[in-house]
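Let's take a friendly walk through a few local features of this protein chain. Have the sequence and the model to hand as you read.

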Amino acid sequence: MGCPSGRFEVHRRTVRAALASPIPEPRKSIERPSPSLGPWKPIIDGWLADDVSVPKKQRHTARRIWQRLVDEHDADVSESTVRRYVGTAKSRRPIVASEVMVPQSHPLGYESEVDFGAVSFYLCGELTSAWMYVMRLSASGRGFHRVYANQAQEAFVDGHVRAFDHFGGTPSRVRYDNLKPAVARVLMGRNRLETQRFVALRSHYVFDSFYCQPGKDGAHEKGGVEGEIGRFRRRHMVPMPKVSSIAELNELVAEGDRLDDIRHIDGRHLSVAEHFALEHPLLRPLPAEYFDAGLLLNCRVDAKSRICVRQCFYSVPVRYAGMRIDVRLGAESVEALEGARVVARHARAIGKGIETLELDHYLETLSIKLGALSGSTALRQARASGRFTPSHDRFFETARRRLGERDGTRALIGVLLAHRTLAFDAVVAGIDGALAVGSLDPDVVMVEARKATEHRDLGLADLPGLARFDRAIPTLDSYDDLLEGSG
């Protein structure tokens, strides 16, 4: 029969190994150099290590890692190379079997999906959690996103109003899970008892609602918006944004919406914007009347001239202390009303027990209780917000040093009252002008402020095209002649 190695044209060592074990030995892995990715491997490893301590839904994907390498480090490396390395780094993770889903097709303009998703960001240096409202058109995939402090009904309704304005129309049906702002009670099957406010919203915009099964069993029924929340977080909120207000964060979110219009959803030849251009004519037109998303309340003003709304405190002018006033609660603002007139407006606070105080609301009381100004919470918040500028502080210190604590505080209050009738920048310029001439009189500050306003107004004369309106200055010489003649 001959030697098996010669018959099968293999080495005798291979024959001996086959006789020793029917299972072949694993191949020896050779560590190959990676000149293009090698310098970036420590950075990738660092990002993946940092992801352990951040929320699970805002961790890096392989695509996001590649995007950051190109955008932030000018790396010349392909996405596939990054994907292979990230896959190797994550290979030790256990594979979780997932439920099989059936692909769906959606008619243009017929349906959208709505949900809230948790987001994390740094607000004034402090890690903060909030909720991102998302509405996604099922056909074109175009989405609208906005961050709110909570998932209350005001945010839910305000998100709908803004989303419909963003799309320029309304779909025929909107798909929801069983959010409390919309559902008062879950009934049998798909039937729901809806809240009165949500019924009013649906009646105004004329759209139908569809509700998913309660709990995790119904999450796949609105998979489009579920996936959109995660995709948007990974694409536009990794690394976590650092902002000074939610308004600033929403500007970044709006910019993300604009960038997403040019992206292509997998398997589609048209971009999101091009697909939406086909869908937009099939959306229902917006109603002519505006829908007010705010909630009208009636609150009592306490002895500290504050109203308590959703466990947060907001100041109102001291003349309303002890009275009941109407309050309009919006998703992002709180307004105190006297009839139809707004007497106080605040940005909505984040958290519980937070005080939001306006220094101007307490000036009448502070003019009597002069010693309360220096340590007041309203003054501290005014400094933090920039409404009490270094010019105000310089005037306050100079006035107390030259006039004494009592008269110096009274002079500052007179200056602060000028903000009610003059522009903020004009008053600041008036303070600087009064200090330049060595005066601490509030009347001098107002004179200097009006001068600054007049100088800005006179600047209009330099605009082109206004020369034809110039007229000669009138004189009184003719009247003088008449007086001389009568004499």
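The notes below cover a surface patch, the cysteines and a sheet.

## A nonpolar surface patch

Keep in mind throughout that this is a predicted model. On its surface, Leu108, Leu270, Leu278 and Leu282 come together as a nonpolar patch, and their joint accessible area is about 330 Å².

Leu270 is a good place to zoom in. This leucine sits in the loop that runs between α9 (246–260) and α10 (272–279). Its relative accessibility is 37%, so Leu270 is classed as partly exposed.

## Cysteines without partners

How many disulfides does the model have? The count is 0, and the sulfur distances help to show why: a pair has to lie within 2.5 Å to qualify. For Cys124, the closest cysteine sulfur belongs to Cys312 and is 16 Å away, too far for a bond. Cys299 has its closest cysteine sulfur in Cys308, at 7.7 Å, which is also too far for a bond.

Are these two cysteines buried or exposed? Cys124 is exposed, with 61% relative accessible area, while Cys299 is buried at 9%.

## A three-stranded open sheet

Next, have a look at the sheet with the order β10-β11-β15: it is open, has 3 strands and shows mixed pairing. At its edges are β10 (306–309) and β15 (355–356), each of which pairs on one side only.

Strand β11 (residues 312–315) pairs with β15 in the parallel sense, over 2 bridges. Here Phe313 is found opposite Glu355 of β15.

Key
Residues are numbered from 1 along each chain as its sequence is written. This is a predicted model: local features need pLDDT of at least 70, side-chain atom pairs count only at pLDDT 80 or more; totals for chains, interfaces and linings use all residues. Side-chain values use heavy atoms; hydrogens and water are left out. Patches are made of residues with over 30% relative accessible area and no salt bridge: like charges are joined within 9 Å, nonpolar side chains (Val, Leu, Ile, Met, Phe, Trp, Tyr) within 5 Å. Accessible areas come from the Shrake-Rupley method with a 1.4 Å probe; for residues, only the protein chains shown count as cover. A salt bridge is a side-chain nitrogen of Lys or Arg within 4 Å of a carboxyl oxygen of Asp or Glu. Helices (H or I, at least four residues) and strands (E, at least two) are DSSP runs, numbered from the N terminus. Buried means under 20% relative accessible area, exposed over 50%, partly exposed in between (1.4 Å probe, protein chains only). Two strands pair if DSSP finds at least two bridges between them.
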